[in-house]
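Reader: I've got a model open and I'd like to learn how to read its helix packing and its empty spaces. Can you walk me through it?

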Amino acid sequence: MREPLPAKAGHERCAERTLWMFLFFMVVTLVAVSLQNFSFTAALPETLRSHLGDPPPPQLISVLLSAYFVSSVAVSCHGIIYGTKPDRAWIHLALRSVFYLLYFSAEALPENLLAVFVAGVILSVLDHLRGRAYDRARASKPL
């Protein structure tokens, strides 16, 4: 029985990690879908709501999502072209997922669920392509 070479085994690490992150994003999306018709303000006590203040308006959240999407696409495309290592990928996954929470707190999740999902899927695909480009560049470098 042949065992994979150690040098080859690590080459797919970034690409595999991006697939795990995509799976986690899908789980977060399923949770968001199940909670989309739940009222955020009804679940919190009045004293906690007064401390938190008003939620951000959905338009502001949409502007933030758009800015995050455009900047992430630019960074990912740069990484794909030059084969640079994807850094802080789990933080970006958390940022994508927090938009569900922001829209949920503004009670605008049902109207914006698809936008967050599509943006997250596109960015996840670009992250995977960037991981594959990095793995390919790392595999072609001499040891």
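Author: Sure, definitions first. Axes are lines fitted to C-alpha atoms, for helices over the stretch in contact, and angles run from 0 to 180 degrees between N-to-C directions. Helices (H or I, at least four residues) and strands (E, at least two) are DSSP runs, numbered from the N terminus. This is a predicted model, so local features need pLDDT of at least 70 and side-chain atom pairs pLDDT 80 or more, while totals for chains, interfaces and linings use all residues. Residues are numbered from 1 along each chain as its sequence is written, and side-chain values use heavy atoms, with hydrogens and water left out.

Reader: At what angle do helix H2 and H6 pack?

Author: Two packed helices are described by the angle between their axes and the distance between the axes. Here H2 (residues 13-35) and H6 pack at about 10 degrees, with axes 10 Å apart. That makes H2 roughly parallel to H6 (angles under 35 degrees count as roughly parallel, over 145 as roughly antiparallel, 65 to 115 as roughly perpendicular and the rest as oblique). Contact means heavy atoms within 4.5 Å; among the residues making it are Phe24, Phe25 and Val28 of H2 and Trp90, Leu93 and Arg96 of H6. By class, this contact has 11 nonpolar, 2 polar and 2 charged residues (Ala, Val, Leu, Ile, Met, Phe, Trp, Tyr, Cys and Pro count as nonpolar, Asp, Glu, Lys and Arg as charged, and the others, Gly among them, as polar).

Reader: And at roughly what angle do the axes of H6 and H7 cross?

Author: The axes of H6 (residues 89-105) and H7 (residues 109-140) cross at roughly 175 degrees and come within 9 Å. That makes H6 roughly antiparallel to H7. Arg96, Phe99 and Tyr100 of H6 are among the contact residues, as are Val116, Gly120 and Asp127 of H7. The class split is 9 nonpolar, 3 polar and 2 charged.

Reader: Now the empty space. What lines the largest cavity?

Author: Rolling a probe the size of a water molecule over the atoms shows where empty space is left. On a 1 Å grid over the protein atoms alone, a cavity is a set of points where a 1.4 Å probe fits but cannot get out, and a pocket is an open set with protein on both sides within 12 Å along at least five of seven lines; lining residues have an atom within 4 Å of a point. Grid points are joined across faces, edges and corners, and a volume is the space filled by probe spheres set on the points. The largest cavity holds about 40 Å³, and its lining includes Leu65, Phe69, Arg96 and Val116. H7 gives the most, with 4 residues, and the lining divides into 7 nonpolar, 1 polar and 1 charged.

Reader: Which residues are closest to the centre of the largest pocket?

Author: Val75, Asp87, His92, Asp127 and Arg130, out of 13 lining residues. The largest pocket has a volume of about 170 Å³. H5 (58-82) contributes to the lining, with the largest share, 5 residues. By class the lining has 4 nonpolar, 5 polar and 4 charged residues.

Reader: Where is the pLDDT below 50?

Author: pLDDT is the predictor's confidence in each residue, from 0 to 100. Where it is low, the predicted coordinates should not be read in detail. The protein averages 84, but residues 1-11 fall below 50.
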